[in-house]
Structures are given as structure tokens and as C-alpha cells.
Amino acid sequence: MKEMADCRLCRYFKPIDDMGAEELEDIYVRANMIQVKVLERSKNILGWCRKRKWIVTHYTGKCRFFAPKKVRRQKSLGEYVDV
């Protein structure tokens, strides 16, 4: 059984707050043309999935395209300098 995916942790998710005016316009045009049924159930748009080319209306759920972001950890000074 697949685990629950969280879009905020996926490399394909782009939050609506990080989008420019042109991207937002494209999303709302697509929402009005194609995904009216999706938006009837949930009026809020949280972001965009670049893999599915689809509007994200909730963060968690099942997704076969979920790919976790690479986590970059901060290295300590001791790892760069021989002490």
C-alpha cells in the first residue's frame, strides 16, 4: 500500500506564493477551462504540480508521482577544516 504523500515535500510542487503574475494567470485560466469540477469541491488553490500539470487543492493524499525533495544539510566547520 502506498504511503500518503505531502505535496509540500515533493520536488514537483510549486506553492502559489512563489508564482509570478503570468503563472498565476495561466493557472486560473486552466482552472476555469478544465478543472471546474475539482474547484467546485475545494475553492482554494494551494499550488501547482509540475509533473501532473494540475492544480493542487490539498496537500496530503495518494500520489504516484510523489518524489521527495533532496534535503541538503548544513555542514559543520569541522567537516571543512582539519582540526
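**Figure 1. Lys 53 is found in the loop between strand S3 (47-49) and S4.** The model is predicted, local features being reported at pLDDT of at least 70 and side-chain atom pairs at pLDDT 80 or more, whereas totals for chains, interfaces and linings use all residues. Residues are numbered from 1 along each chain as its sequence is written, and side-chain values use heavy atoms, without hydrogens or water. Strands are DSSP runs of E with at least two residues, and helices are runs of H or I with at least four, both numbered from the N terminus. The backbone angle phi of Lys 53 is near 55 degrees, a positive value in a residue other than glycine. Lys 53 has a relative accessibility of 49% and counts as partly exposed (buried is under 20%, exposed over 50%, partly exposed in between, with a 1.4 Å probe and protein chains only). Lys 53 is also among the residues that Trp 48 touches.

**Figure 2. The protein chain is shown as a whole, with its three helices and five strands.** Along the sequence, these elements follow the pattern β-β-α-α-β-β-β-α. Of the 83 residues in the protein chain, 27% are buried. The accessible surface of the protein chain (Shrake-Rupley, 1.4 Å probe) comes to about 7100 Å², and carbon and sulfur atoms account for 52% of that surface. Among contacts (heavy atoms within 4.5 Å) between residues at least 6 apart in sequence, 59% join residues at least 24 apart.

**Figure 3. Trp 48 belongs to the largest nonpolar core, which has seven residues in all.** The other members are Ile 16, Met 19, Ile 27, Ala 31, Ile 45 and Ile 55 (a core is a set of buried Ala, Val, Leu, Ile, Met, Phe, Trp, Tyr and Cys residues joined through side-chain atoms within 4.5 Å). A second, separate core has five residues, including Phe 13, Leu 46, Cys 49 and Val 56. With residues up to four places away in sequence left out, Trp 48 touches the core members Met 19, Ile 27 and Ile 55. Its further contacts are with Tyr 12, Phe 13, Lys 14, Arg 30, Lys 53, Trp 54 and Val 56.

**Figure 4. Phe 13 is found in strand S2.** With a relative accessible area of 8%, Phe 13 is buried. Phe 13 and Trp 48 are separated by 35 residues in sequence, but their C-alpha atoms are 5.8 Å apart in space. Leaving aside neighbours within four places in sequence, Phe 13 is in contact with Cys 7, Arg 8, Leu 46, Gly 47, Trp 48, Arg 50, Val 56 and Tyr 59. Of these partners, Leu 46 and Val 56 belong to the second core, as does Phe 13.

**Figure 5. Arg 8 lies in the loop between strand S1 (5-6) and strand S2 (13-15).** Arg 8 is partly exposed, at a relative accessible area of 42%, whereas Asp 6 is buried at 17%. The two residues form a salt bridge whose closest N and O atoms are 3.1 Å apart (a side-chain nitrogen of Lys or Arg within 4 Å of a carboxyl oxygen of Asp or Glu). Their side chains also make a polar contact of 3.1 Å (N or O atoms within 3.5 Å, one able to donate a hydrogen and the other to accept it, residues adjacent in sequence counting only if both atoms are side-chain atoms). Beyond four places in sequence, Arg 8 touches Phe 13, Tyr 59, Thr 60 and Lys 69. Arg 8 and Gly 47 are 39 residues apart in sequence, and their C-alpha atoms are 9.4 Å apart.

**Figure 6. The side chains of Glu 23 and Lys 14 meet in a salt bridge.** The N to O distance is 2.8 Å. Glu 23 counts as partly exposed, with 33% relative accessibility. The structure holds two salt bridges, one of them between Arg 8 and Asp 6.

**Figure 7. Thr 57 lies in the loop between strand S4 (54-56) and strand S5 (60-61).** Thr 57 is buried at a relative accessible area of 11%. The side chains of Thr 57 and His 58 are joined by a polar contact of 3.3 Å.

**Figure 8. Leu 77, Tyr 80 and Val 81 make a nonpolar surface patch.** The patch has an area of about 370 Å² (its residues have over 30% relative accessible area and no salt bridge; like charges are joined within 9 Å, and nonpolar side chains, namely Val, Leu, Ile, Met, Phe, Trp and Tyr, within 5 Å). Leu 77 lies in helix H3, which spans residues 77-80. Leu 77 is exposed, with a relative accessible area of 66%.
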